[in-house]
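This report walks through one protein model. Helix packing comes first, then aromatic rings, empty space and backbone details.

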Amino acid sequence: MYDVCVGLGYHCESTYQLRRITGVGRAHFFDWLDLDLVAVREIVEADFANVLRPGLSEPFSNGLCVRDRGSNIRFFHDFHAPEGTPLTPALIAEQHSGVREKFAYLAGRWRALTASRSRVLYVHHDAFDESAAEDLAALHGLLRSRYPDHAFDLLWLRRTPPEDAAALPPGITWSTVVAQPGRWEGSDAAWDTALAPLDIPRAPAPAP
C-alpha cells in the first residue's frame with residue numbers, strides 16, 4: 001500500500017488526474033509544471049539548485065509562459081500578466097523572488113517526504129512517448145542512490161505500450177493512458193483503468 005502518490009510531470013494532465021483519483025490536493029514540487037523526464041532527473045540530481053536561478057527565466061511560447069533555462073521547466077501558472085497581454089522580462093523580474101520562494105518551500109517538502117517513513121508511488125506521465133526503459137531505470141537508480149532509505153516505486157505511463165518493457169528493473173511498472181483530443185485534463189476513464197490495480201489513496205465515492 002502506498003501512503004502518497006506524487007506526480008513527476010509531464011504537464012498539467014498528470015496533476016489533474018492524480019488529484020482527482022486520490023482526492024489529495026496537497027502540492028508537490030512537480031505539480032502543474034511542464035517538463036520532460038530529463039529535466040526531472042537533472043533537478044533531482046542537483047537537489048533543486050538549478051531551478052529559478054536569477055537571470056535565467058524568460059518569456060516563452062509568445063509570452064504565454066516562462067521558461068527557466070537552468071532547469072528547462074516551463075511555468076504556465078506561476079507568473080502572471082494582465083489579461084490579454086504576454087509576459088515580459090520586466091513582469092518576470094518583478095515576480096521572480098516570490099515564485100522562487102514558493103518552489104524552495106516545495107523542494108523542502110520533497111526532502112521531508114523522501115526522509116519520511118511514507119511509501120511513495122511516483123508517477124511519470126510520458127505524454128509524448130519520448131522516453132525509453134533505460135531512461136526510467138536511470139531515474140529509479142538516481143532516486144535510490146540519493147535517498148537510500150526511501151521506500152518508493154515508479155509508475156511509467158505512456159500513450160502506447162513500450163517496446164522495451166522487459167528491460168525495466170524491479171520497482172518500475174508501466175501502463176498506458178490514451179490522449180483525449182481537446183481536453184487538457186486527459187481521459188478520466190483511461191487514468192482510472194491505469195491506476196485501478198494500484199493500492200493508492202482514493203477520493204471518497206460521491207454521495208448518492
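Helix α4 spans residues 133-146, which makes 14 residues. From first C-alpha to last, α4 reaches 20 Å, close to the 20 Å expected at 1.5 Å a residue. The model is a predicted one.

**Packing around α4**

Several residues of α4 are buried: Ala133, Leu136, Leu139, His140, Leu142 and Leu143. What covers them? The cover includes the helices α2 and α3. It also includes the strands β6 (119-126), β7 (151-158) and β8 (172-176).

**Ser175 in strand β8**

Strand β8 is also the place of Ser175. Is Ser175 buried or exposed? Its relative accessible area is 18%. Buried means under 20%, so Ser175 counts as buried. Beyond its neighbours within four places in sequence, Ser175 is in contact with Leu155, Trp156, Leu157, Arg158 and Ala194. Ala196 lies 21 residues from Ser175 along the chain, and the two C-alpha atoms are separated by 11 Å.

**Aromatic pairs**

How many aromatic pairs does a search of the whole structure find? The count is 14. Two of these pairs are set out below.

| Pair | Centre distance | Plane angle | Separation in sequence |
|---|---|---|---|
| Phe29 and Phe103 | 5.3 Å | 75° | 74 residues |
| Phe48 and Trp110 | 5.8 Å | 70° | 62 residues |

Take Phe29 and Phe103. Their planes stand at 75°, and over 60 degrees counts as edge-to-face, so the pair is edge-to-face. Phe29 sits in the loop between α1 (12-22) and β2 (33-34). Phe103 belongs to helix α3, residues 89-114. The pair thus links distant parts of the chain. Phe29 and Phe103 are buried.

Now Phe48 and Trp110. The angle between their planes is 70°, so this pair is edge-to-face as well. Phe48 lies in the loop between α2 (37-45) and β3 (57-60), and Trp110 lies in helix α3. The pair therefore ties together parts that are 62 residues apart in sequence. Both Phe48 and Trp110 are buried.

These four residues belong to one aromatic cluster. The other members of the cluster are Phe30, Phe75, Phe79, Tyr122, Tyr147 and Phe152.

**Cavity and pocket**

Rolling a probe the size of a water molecule over the atoms shows where empty space is left.

How many cavities of 30 Å³ or more does the search find? There is 1. The largest cavity has a volume of about 40 Å³. Two of the paired aromatic residues, Phe29 and Trp110, help to line the cavity. Val6, His28, Leu106, Arg109 and Leu113 complete the lining. Helix α3 gives the most to this lining, with 4 residues. By type, the cavity lining divides into 5 nonpolar, 1 polar and 1 charged.

The largest pocket has a volume of about 150 Å³. Its lining holds 14 residues, and those closest to the pocket centre are Cys5, Leu18, Thr22, Val24 and His28. Which elements give two or more residues to the pocket lining? They are β1 (4-7) and α1. The pocket lining divides into 6 nonpolar, 4 polar and 4 charged residues. His28 appears in the cavity lining and among the residues closest to the pocket centre.

**Backbone details**

A cis peptide bond joins Gly9 and Tyr10, with omega about 20°. Tyr10 is found in the loop between β1 and α1.

Asp47 is not a glycine, yet its phi is positive, at about 50°. The loop between α2 and β3 holds Asp47. This is also the loop of Phe48. Asp47 has 29% relative accessibility, so it counts as partly exposed.

Ser61 also has a positive phi without being a glycine; the value is about 55°. Ser61 lies in the loop between β3 and β4 (65-68). Is Ser61 buried or partly exposed? With a relative accessible area of 34%, Ser61 is partly exposed.

Technical notes. Residues are numbered from 1 along each chain as its sequence is written. This is a predicted model: local features need pLDDT of at least 70, side-chain atom pairs count only at pLDDT 80 or more; totals for chains, interfaces and linings use all residues. Side-chain values use heavy atoms; hydrogens and water are left out. Rings of Phe, Tyr and Trp (its six-membered ring) pair if their centres lie within 6.5 Å; planes under 30 degrees apart count as stacked, over 60 as edge-to-face and the rest as tilted. Buried means under 20% relative accessible area, exposed over 50%, partly exposed in between (1.4 Å probe, protein chains only). On a 1 Å grid over the protein atoms alone, a cavity is a set of points where a 1.4 Å probe fits but cannot get out, and a pocket is an open set with protein on both sides within 12 Å along at least five of seven lines; lining residues have an atom within 4 Å of a point. Grid points are joined across faces, edges and corners, and a volume is the space filled by probe spheres set on the points. Ala, Val, Leu, Ile, Met, Phe, Trp, Tyr, Cys and Pro count as nonpolar, Asp, Glu, Lys and Arg as charged, and the others, Gly among them, as polar. The expected span of a helix is 1.5 Å times one less than its number of residues. Contact means heavy atoms within 4.5 Å.
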